[in-house]
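Me: I should like a close look at a single part of this structure. Please describe one helix carefully and explain how its residues are arranged.

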Amino acid sequence: MTSPIAPAPFTEIWRGSLLESQHLGHAVICNGKGEVVRVWGNPEQVIYPRSSCKMVQALPLLTSGAAARYGLTREQLALACASHNGARIHIDRVSNWLEQLDLGEGDLRCGPQKPRDSEVLHSLIKHDDSPCQIHNNCSGKHAGFLTLSQHLGAGSEYVEIDHPVQQACQEAFEEATGETSPTYGIDGCSAPNFACTITGLARAMGWFASAHTRNGRADDAAVQLREAMALHPELVAGEGRACTALMRDMGGKVSVKTGAEGVFVAILPEQELGIALKVVDGATRAAENAITTLLVSLGALDGNSPSAKSYMSAPITNWNGIHCGDMRPAAGLQF
């Protein structure tokens, strides 16, 4: 019997002279042909990509003709791939998108969520208002689902597994990953989240990276989505978020996306490479540290950029502002 492949050291937390904590994970880099270029841990580990695969879920929005029919902008495509803060730039655009469809907040199925944006949150508290579904970090993705559903003439319960929208998402997901998904789970926004291996997720990102315009409807869709993300990083996440900071510092040349429970992906068109990683304990800080380290190692991100300094080799300070430790990438993660 073959022993399972152990996860690799990703991120170290040092306090004084001691290694206090360590995060482990799995990561794969694939090229545009779907070939594995580099591996850490177990490349065949099956995971839920969570929100890291939103650009894959958005593919049917374009390949179906729905985006063209409704004249969706790059900003709307970026929002379809977003896990946003619920700031004004996000909720105003989602509200306008729903109006464009002659729909409203009640047509969403993502559920209400407290906004991460402090200005909007304080305004809700001040006016004794409750968060609504538009504040949900996935409301842009769901506006995309509603657009596709309306285009297909399908029913209102678009998050159900047998709904044409989710059937289209599964087909796109399996085609991009090159795998038949073994199972699915229900995500935080109530939509199905299809499982795949780390390699499958990296393969999908490699395909996004190598896609070129005029090579077919799916390739065109991949190019449009990755460019929308890279050119509108503030819509994909928001201020204070790793996705936004990293894409800004890479000047629109690379698209990255986080997912819950320690998942992160990157699309590097100039190198035609895709990255997928999963931190075993689900720690966001380790996923941010690991993806930043890999981007710096590949030369896609300047190691002296603000985001690299924030997420790769970050000082740990206490409540008195005293520097008492550091978060560092494990030696084996750097190359």
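Reply: In this predicted model, the buried residues of helix 8 are Val165, Gln166, Cys169, Ala172, Phe173, Ala176 and Thr177. Because these residues cover an arc of only 120 degrees around the axis, they lie on the same side of helix 8. To be counted as buried, a residue must have a relative accessible area under 20%, whereas an exposed residue has over 50%. The exposed residues Glu171 and Glu175 are carried on the face of helix 8 that is turned away from its buried side.

The helix itself runs over residues 164-177 and has 14 residues. From its first C-alpha to its last, helix 8 reaches 20 Å, which is close to the 20 Å expected at 1.5 Å a residue. After helix 8 comes Gly178, which has a positive phi, near 75 degrees.

One may then ask what covers the buried residues of helix 8. The covering parts include four helices by name: helix 1 (54-57), helix 2 (59-63), helix 7 (139-152) and helix 9 (198-210). Strand 6 (192-194) and strand 7 (196-197) are also among them.

The loop between helix 7 and helix 8 contains Glu157, and Arg109 lies in the loop between helix 5 and helix 6 (118-126). The side chains of Glu157 and Arg109 form a salt bridge, at 3.0 Å from N to O. The pair therefore ties together parts that are 48 residues apart in sequence. Glu157 is partly exposed, with a relative accessible area of 35%, and Arg109 is partly exposed, at 23%.

Key:
Residues are numbered from 1 along each chain as its sequence is written. This is a predicted model: local features need pLDDT of at least 70, side-chain atom pairs count only at pLDDT 80 or more; totals for chains, interfaces and linings use all residues. Side-chain values use heavy atoms; hydrogens and water are left out. Helices (H or I, at least four residues) and strands (E, at least two) are DSSP runs, numbered from the N terminus. The expected span of a helix is 1.5 Å times one less than its number of residues. Buried means under 20% relative accessible area, exposed over 50%, partly exposed in between (1.4 Å probe, protein chains only). The arc is that of the directions from the helix axis to the C-beta atoms. Contact means heavy atoms within 4.5 Å. A salt bridge is a side-chain nitrogen of Lys or Arg within 4 Å of a carboxyl oxygen of Asp or Glu.
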